[in-house]
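User: I've got a structure open and I'd like to learn how to read its nonpolar cores and its odd backbone angles. Can you walk me through it?

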Amino acid sequence: MSAHATVDLVDYDEAVRRYDPVIGIEVHVELGTKTKMFCAAEVEFGGEPNTQVTPVSLGLPGALPVVNGKAVEYAIKIGLALNCQIAESCRFARKNYFYPDVPKNFQTSQYDEPIAFDGYLDVELEDGTIFRVDIERAHMEEDAGKNTHVGGSTGRIHGAEYSLVDYNRAGIPLVEIVTRPITGAGERAPEVARAYVQTLRDIFRALDVSEARMERGNVRADVNLSLRATPESPLGTRTETKNVNSFRSIERAVRYEVSRQAAVLDEGGTVIQETRHWHEDTSITTAGRVKSDAEDYRYFPEPDLVPVAPSRDWVEQIRATLPELPVARRNRLQGEWGYADAEMRDVVNAGALDLIEATVAAGASPAAARKWWMGELARYAKTSETELAEIAVTPTQIAQLQALVDSGRINDKLARQVLEGVLAGEGDPEAVVVARGLEVVSDDGALLTAIDAALAAQPDIVEKVRSGNMGPIGAIIGAVMKATKGQADAGRVRELVIERIG
Amino acid sequence: MSTISRDEVARVAVLARIDLRPEELDRLAGELDVIVDAIAQVSEVATPDVPATSHPLPLTNVFRDDVPVPPLPVEDVLAAAPASEDGRFSVPQILGEE
């Protein structure tokens, strides 16, 4: 359709100079329960098609749904983590539409009574700015099945001859989180959108309510965007870009829609309220269906399910189990460790937070832990193209390594060799030190032998040092370090050299 | 007083995927009118202090434990499928999206 048509775009910077972007984000998260929302079919990623379904998943006549209590608990957890009110009572509703991945011809969702509402989430941007996103609601619903389009050249709907449907995913519990219009982000709207979804993802993981893997579609974002002339103008007409499923794409989809809508408005046109599709390959959006009015879905209360009325006691019990959330934890650790803002950001971005925390817990100082993970180990991860957390050394081993340095048994240079051994699978640092014979030579007698040899080899330097020129002393120390294969304490060598010459 | 127009019946019919003939549109507009009028009478009686009833049973929080049961065998799942392929339901080309 319009996928290949050329679309006018206004340069992004130009667009945000003349228009104020307003975003709204709907995030769906698949809950990590063992069974589906309304039936006890097991949920397991990657099962053979249609092997995780029951009569309820298929919407067979007479099948009756029963709510998964765990899913309600998880939804409340999410609501509380997003600073929401939890409904005293709420009910499910049927959202009626026809599509092959919805076997009942309706999705069981919540409409006028979401389980959680009126919350907010503080999102940290890359430069450390905190941006508050207001949450309108979080409601419970179920996922749809999966269509695979057969025929046609690209596997897309367009040109397909028929479709195959797998209902394994139909009925997996979802929580949909809807923001209020996010204003005031200005040119940083794309960054805010990405950071918001990223923060949510971190929270889902911290709460242990979902594996929250973007690449598996556990977390999916729909991004609404509209432009208005000034922050004082009424909201413009919005488009909803569906299923933007990576952080990078969220940022790019917002940028693209800003540029596209600005071009439409510049030409005196009107933005059409519609669903748009994000194309990962070309990084553009194309028009989808014109958005249905809510009334077209003919929502009505689900007669087969009784209301959910979480007692205040239960809500408070759940609140008491909430773990420390990522931003709070980061702030606490930064305070405890005394890292500068930029250092802390680098640590977080490198995925080293957990590793450093564990290394500190195993006895290393925060500064030493950071030095290892952000230095030697970060370089190693980069050259071996692995994640920091995946490399073959544990935080405990790093703490042991640092303890060896602190006790003076090895120096920094030797420590790097010990680390090599640990990474090569030669065992714990202690074992590598012993096996490779890497201990610092602390026996002065052995050092003096090496020093005397070095001094005898370079009498001119001895003269210079005697006459007060300490510069060339480094050459002697270097020769001694070389003779001891780096296993000497350079400071001690220096002392001894001065004594000897002096 | 007619409150339901023929066009509204046609629109709802499209949403519900019901194929109606022209004479049925007229007849149903009249019948739906009667139903809407009847409900309007109830609305007159209902006062704000009477909450709407969506569930007649005085029950809440009917939950199930999160414990899996064996699924339906895939042969049974596909037994009622008009057509299937590779363990999946085969459905006609999907139109109207994208």
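Analyst: Sure. Keep in mind that this is a predicted model. As a general idea, nonpolar side chains in soluble globular proteins tend to be buried together. Here the largest nonpolar core holds 80 residues, and the members touching the most others are Ile23(A), Ala75(A), Ile115(A), Ala138(A), Ala193(A), Tyr196(A) and Val223(A).

User: Which helix gives this core its largest share?

Analyst: That's α4 of chain A, residues 189-207, with nine residues in the core. There's also a second, separate core of 39 residues, with Ile398(A), Ala399(A), Ala488(A) and Val493(A) among them.

User: Back to the big one: what does Ile23(A) touch?

Analyst: Leaving out residues up to four places away in sequence, Ile23(A) touches Ile182(A), Ala185(A), Ala189(A), Ala193(A), Val223(A), Asn224(A), Leu225(A) and Val254(A).

User: Now the backbone. Which residue of chain A has a positive phi without being a glycine?

Analyst: Look at Asn83(A), with a phi of about 60°. Asn83(A) sits in the loop between α3 (69-81) and β3 (85-86) of chain A.

User: Why does Asn83(A) count as partly exposed?

Analyst: Because 15 other C-beta atoms lie within 10 Å of Asn83(A), and partly exposed falls between the exposed limit of 12 or fewer and the buried limit of 20 or more.

User: And what about chain B?

Analyst: Take Asn61(B): not a glycine either, with a positive phi of about 50°. Its place is the loop between α2 (22-45) and β1 (63-64) of chain B. Asn61(B) has 15 C-beta neighbours inside 10 Å, so it counts as partly exposed.

Conventions. Residues numbered from 1 in each chain as written. Chains lettered and ligands numbered in written order. Predicted model: local features only at pLDDT ≥ 70, side-chain atom pairs only at ≥ 80, totals over all residues. Core = buried A, V, L, I, M, F, W, Y, C linked by C-beta atoms within 7 Å. Helix = DSSP H or I, 4+ residues; strand = E, 2+ residues; numbered from the N terminus. Contact = placed C-beta atoms within 7 Å.
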